[in-house]
There are 2 protein chains.
Amino acid sequence: MAKQGRRTEVLEAAIRLFSARGYHGTSVREIADALGMGSGSIYAHIESKEDLLFEVVDQAAERFVTAVRPIAGGPGPAAGKLRQALIAHAEVVAASRDAATVFLHEWKALSPERRAAVAAKRDAYEELYAGIIRQGVAEGRFRAVDEKFARLLVLSAGNWLYEWYDPAGPMGPAEVAERFADLILQGLQRKETGRGRPSV
Amino acid sequence: MAKQGRRTEVLEAAIRLFSARGYHGTSVREIADALGMGSGSIYAHIESKEDLLFEVVDQAAERFVTAVRPIAGGPGPAAGKLRQALIAHAEVVAASRDAATVFLHEWKALSPERRAAVAAKRDAYEELYAGIIRQGVAEGRFRAVDEKFARLLVLSAGNWLYEWYDPAGPMGPAEVAERFADLILQGLQRKETGRGRPSV
DNA sequence: CCTACCGATCGGTAGG
DNA sequence: CCTACCGATCGGTAGG
């Protein structure tokens, strides 16, 4: 418990520092300093700096997949699933914003094999959204849009959250997600404007 | 011309390397190597590594603002401007993807003063989109959505482009931008589905 | 633009 | 978890 707890503290310090300064911009000494340790002592808890990065990135990827998978595979119409998936995504960002930042920003610093492992998880995550969109089109509730672009629009909004969302701010993650979901589902343009084709 | 051309080569090498490995992950020696120079010789062209980063980031920011400002300030309905702005944005990414990556990824590595200068340009850029959206709402062509979220949705799609868009791929930047614009303007959901409120 | 070099810092190890 | 230390590499400078 003590050793396990200390290891968690090392992870948490790494998340904070990697998020703020980047992987290459953070030294092992800085992580050790944050815990009041000597710079060599940290190797009692980790094997290498890159192991630490992988653990942070992989855990973050896992959190997203775990949160959204049951929604995508669950019952109900696609629009509701899309809304719930976005809420779940935003909640993960709100709860682990620094880890999400490291996941999205620093995976390139991993070795090729580990990068591939993370890419596989990210692909699996994106496929959850693709499935929801295909379902909506198949149900006839969504327009027959290109699935790839609909998925990219949703993921762009979700993935960009870490850049601007402040968990300490006035708006909760669910509220933020609902607004994006409304916009994505209903569009920016008024429906009754113009007759037939949209004005531009 | 010779010296000026060489300096441009230094910038271009820095863009490529900063984009691929990050600012802190790239050494001055690697940039010099890419140009077949000794590691000290690069200081005949630049004053410091951070100066180099600032120049790359600032130039990229300038490209986006320059491309979109005339559209936002020009004539015509908001929907058309939004479409044109997204196309212009995608064209900048297509033409300078690595520079856009450095701009969006590495600005945190700048000194506080320079970071503030870049943030000001980024804010000005975002304001261009805010203006277009306000215009659309004022015209009655856009739904009375929260301007902030509409702007964030557009910018998220645009800013995430550098992560997945391949300029060498089959789809041109204008085509990509048009698809996003259609989705954002019209929404994912069919209009005639359900009566009254959307199904979820 | 080169050669030669600077002090500082890097990730990591040894031995306790 | 500490102290002491390793070779390698860092950004940058001097003198030509």
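In this predicted model, 16 residues surround DNA strand C. The closest are A:Arg29, A:Tyr43, A:Lys49, B:Met37 and B:Ser41. By class, the surface near the strand divides into 4 nonpolar, 8 polar and 4 charged residues. Of the atoms of DNA strand C within 4 Å of the protein, 58% belong to sugar or phosphate. The rest belong to bases.

Several contacts reach phosphate oxygens of DNA strand C. A backbone N or O atom of A:Val28 lies 2.8 Å from one phosphate oxygen. A polar backbone atom of A:Thr26 is 3.3 Å from a phosphate oxygen. In chain B, the contact comes from a side chain: an N or O atom of B:His45 is placed 2.8 Å from a phosphate oxygen of the strand.

The interface between the two protein chains was examined next. Chain A contributes 52 residues to the contact, and chain B contributes 51 residues. About 5,000 Å² is buried between chain A and chain B. Carbon and sulfur atoms give 63% of that area. Between the chains there are 16 residue pairs in polar contact, counting pairs with both residues at pLDDT 80 or more. Salt bridges between chain A and chain B number 2. B:Asp146 forms a salt bridge with A:Arg179, and the closest N and O atoms are 2.7 Å apart.

On the side of chain A that touches chain B, five elements give two or more residues: helix 1 (2–21), helix 4 (78–95), helix 5 (97–106), helix 7 (147–164) and helix 8 (173–186). Helix 7 of chain A gives the most, with 12 residues. By class, this side of chain A has 26 nonpolar, 14 polar and 12 charged residues.

In chain B, B:Thr101 lies in helix 5 (residues 97–106). Its relative accessibility is 4%, so B:Thr101 counts as buried, the cut-off being under 20%. Beyond its neighbours within four places in sequence, B:Thr101 is in contact with B:Ser19, B:Glu106 and B:Tyr162. A:Lys108, from the partner chain, is also in contact with B:Thr101.

Over all chains, the structure holds 32 salt bridges. One of them joins A:Asp58 and A:Lys121, with the closest N and O atoms 2.9 Å apart. This pair links distant parts of the chain, 63 residues apart. A:Asp58 sits in helix 3 (residues 49–72) of chain A, and A:Lys121 in helix 6 (residues 112–139) of chain A. A:Lys121 has a relative accessible area of 24% and is therefore partly exposed.

A:Arg122 and A:Asp123 also meet through their side chains in a salt bridge, at 3.8 Å from N to O. Both partners are classed as partly exposed: A:Arg122 has a relative accessible area of 26%, and A:Asp123 has one of 42%.

A further salt bridge pairs A:Glu127 with A:Arg134, the closest N and O atoms being 2.6 Å apart. A:Glu127 is partly exposed, with a relative accessible area of 41%. A:Arg134 is also partly exposed, at 40% relative accessibility. Salt bridges that share partners extend this pair into one network, which joins A:Glu126, A:Glu127, A:Arg134, A:Glu147 and A:Arg151.

How values were computed:
Residues are numbered from 1 along each chain as its sequence is written. Chains are lettered from A and ligands numbered from 1 in the order in which they are written. This is a predicted model: local features need pLDDT of at least 70, side-chain atom pairs count only at pLDDT 80 or more; totals for chains, interfaces and linings use all residues. Side-chain values use heavy atoms; hydrogens and water are left out. Helices (H or I, at least four residues) and strands (E, at least two) are DSSP runs, numbered from the N terminus. Buried means under 20% relative accessible area, exposed over 50%, partly exposed in between (1.4 Å probe, protein chains only). Contact means heavy atoms within 4.5 Å. A residue is near a molecule or strand if one of its heavy atoms lies within 4 Å of it. A polar contact is a pair of N or O atoms within 3.5 Å; within protein, one must be able to donate a hydrogen and the other to accept it, and residues adjacent in sequence count only if both atoms are side-chain atoms. Ala, Val, Leu, Ile, Met, Phe, Trp, Tyr, Cys and Pro count as nonpolar, Asp, Glu, Lys and Arg as charged, and the others, Gly among them, as polar. A salt bridge is a side-chain nitrogen of Lys or Arg within 4 Å of a carboxyl oxygen of Asp or Glu. Buried area is the accessible area (1.4 Å probe) that two parts lose on being put together, summed over both.
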